[in-house]
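Trainee: Got a minute to go through this model with me? I'd like to talk about packing and aromatic rings.

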Amino acid sequence: MTNIDHVFNMSKYACYLSQKSTNIKIHFNISFTDPRVDGYPLMSSPFPQTIIIATYIYIVTNLGPKLMENRKPFDLRQIMFVYNFGIVALSTYITYEFLMSGWATGYTFRCDIVDYSRSPKALRMVRVCWLYYFSKFIELLDTIFFVLRKKHAQVTFLHVFHHSIMPFTWWFGVKFAPGGLGTFHSLINAVVHVIMYTYYGLCTLGPAFHKHLWWKKYMTTIQLVQFLLITLHIGQIYLMDGCQYQYPIFMFIIGLYGSLFLILFLHFWYNAYTKGQRLPKHLQNGISRNKNE
């Protein structure tokens with residue numbers, strides 16, 4: 001082989017490596033960030049949301065109770081009526097958008113991968129994923145209302161953990177995988193919130209309306225069914241061969257979270273309805289989250 005041939009072959013190899021590097025870079029960008037969420041509020045970095053969540057935890061567990069210690073509880077029934085039915089309206093819209101961007105327009109409820117294209121339906125899914133994520137910050141007001149009403153028994157570890165972990169983990173979901181089978185639990189959660197916040201809103205109307213809330217006893221069942229469906233749906237991925245969902249780690253996190261709350265709700269159900277015993281007050285308040293009575 002002449003020196004010229006050697007140089008020529010090395011040049012071809014260098015071009016091949018350059019092309020390979022470019023392909024790897026593109027694959028890396030698609031795999032680890034979704035450029036379609038660039039420009040969405042709070043999506044540039046996880047640090048702003050971390051500050052918000054840390055501030056929330058400090059207020060509801062430390063600063064808020066101290067400020068309210070020598071104050072009378074606020075009467076927030078009118079504000080909470082508007083808030084609860086505002087969440088109902090928002091959850092209804094989120095449910096509709098999740099259905100129209102995939103779950104009622106092509107998803108199989110099995111191995112549904114993330115569509116990273118810029119088709120109208122794919123971009124619609126990105127928008128509703130971000131909206132669902134942002135709604136979790138609005139729902140932090142649940143705990144603020146507890147503090148202002150001096151319902152300190154409601155501010156349990158389980159309650160604060162749930163409200164903190166949801167927006168934090170969903171930032172990564174929106175940033176990396178806005179769509180696909182990982183959004184099933186958000187669809188179910190939005191449907192459940194329509195029912196639950198309707199109940200909470202009606203409770204703010206006073207005792208005269210409580211006798212009409214005959215479906216109160218089914219609230220625990222609804223939440224139990226929610227986590228059962230989530231756990232069963234996510235569990236499918238371990239039984240399907242060749243499912244090319246892009247982020248299996250998200251499935252593990254969702255499955256772990258769903259299983260944890262399924263166990264907690266089953267424990268509550270067994271003690272409250274099978275044995276006829278009440279759970280310890282801090283657990284009962286943390287799980288049932290009866291917000292307005």
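Mentor: Sure, let's begin with helix H5: the elements covering its buried residues include helix H2 (47-68), helix H3 (77-103), H6 and helix H7 (184-203). Helices here are DSSP runs (H or I, at least four residues), numbered from the N terminus, while strands are E runs of at least two. Buried means under 20% relative accessible area, exposed over 50%, partly exposed in between, with a 1.4 Å probe and protein chains only.

Trainee: Before we go on, what kind of model is this, and how are residues numbered?

Mentor: It's a predicted model, with residues numbered from 1 along each chain as its sequence is written. Local features need pLDDT of at least 70 and side-chain atom pairs 80 or more, totals for chains, interfaces and linings use all residues, and side-chain values use heavy atoms, without hydrogens or water.

Trainee: OK, which residues are buried in H5?

Mentor: In H5 (residues 141-148), those are Asp142, Thr143, Phe145, Phe146 and Val147. After H5 comes Lys150, with a positive phi near 60 degrees.

Trainee: And how do H2 and H6 run relative to each other, parallel or antiparallel?

Mentor: Their axes come within 10 Å and cross at roughly 175 degrees. Those axes are lines fitted to C-alpha atoms, for helices over the stretch in contact, and angles run from 0 to 180 degrees between N-to-C directions. H2 and H6 are therefore roughly antiparallel (over 145 degrees; under 35 is roughly parallel, 65 to 115 roughly perpendicular, the rest oblique).

Trainee: Which residues meet there?

Mentor: Among them are Ile53, Tyr56 and Ile57 in H2, and Pro167, Phe168 and Trp171 in H6; contact means heavy atoms within 4.5 Å.

Trainee: Switching to rings: how many aromatic pairs are there?

Mentor: There are 24. Rings of Phe, Tyr and Trp (its six-membered ring) pair if their centres lie within 6.5 Å; planes under 30 degrees apart count as stacked, over 60 as edge-to-face and the rest as tilted. Phe176 and Tyr247 have centres 6.2 Å apart and planes at 25 degrees, so that pair is stacked.

Trainee: Where do those two sit?

Mentor: Phe176 is in helix H6 (residues 157-176) and Tyr247 in the loop between helix H9 (219-235) and helix H10 (248-274), 71 residues apart. Both Phe176 and Tyr247 are buried.

Trainee: What about Phe227 and Phe261?

Mentor: They're a stacked pair too, 5.3 Å centre to centre with 20 degrees between the planes. Phe227 lies in H9 and Phe261 in H10, so the pair ties together parts 34 residues apart in sequence.
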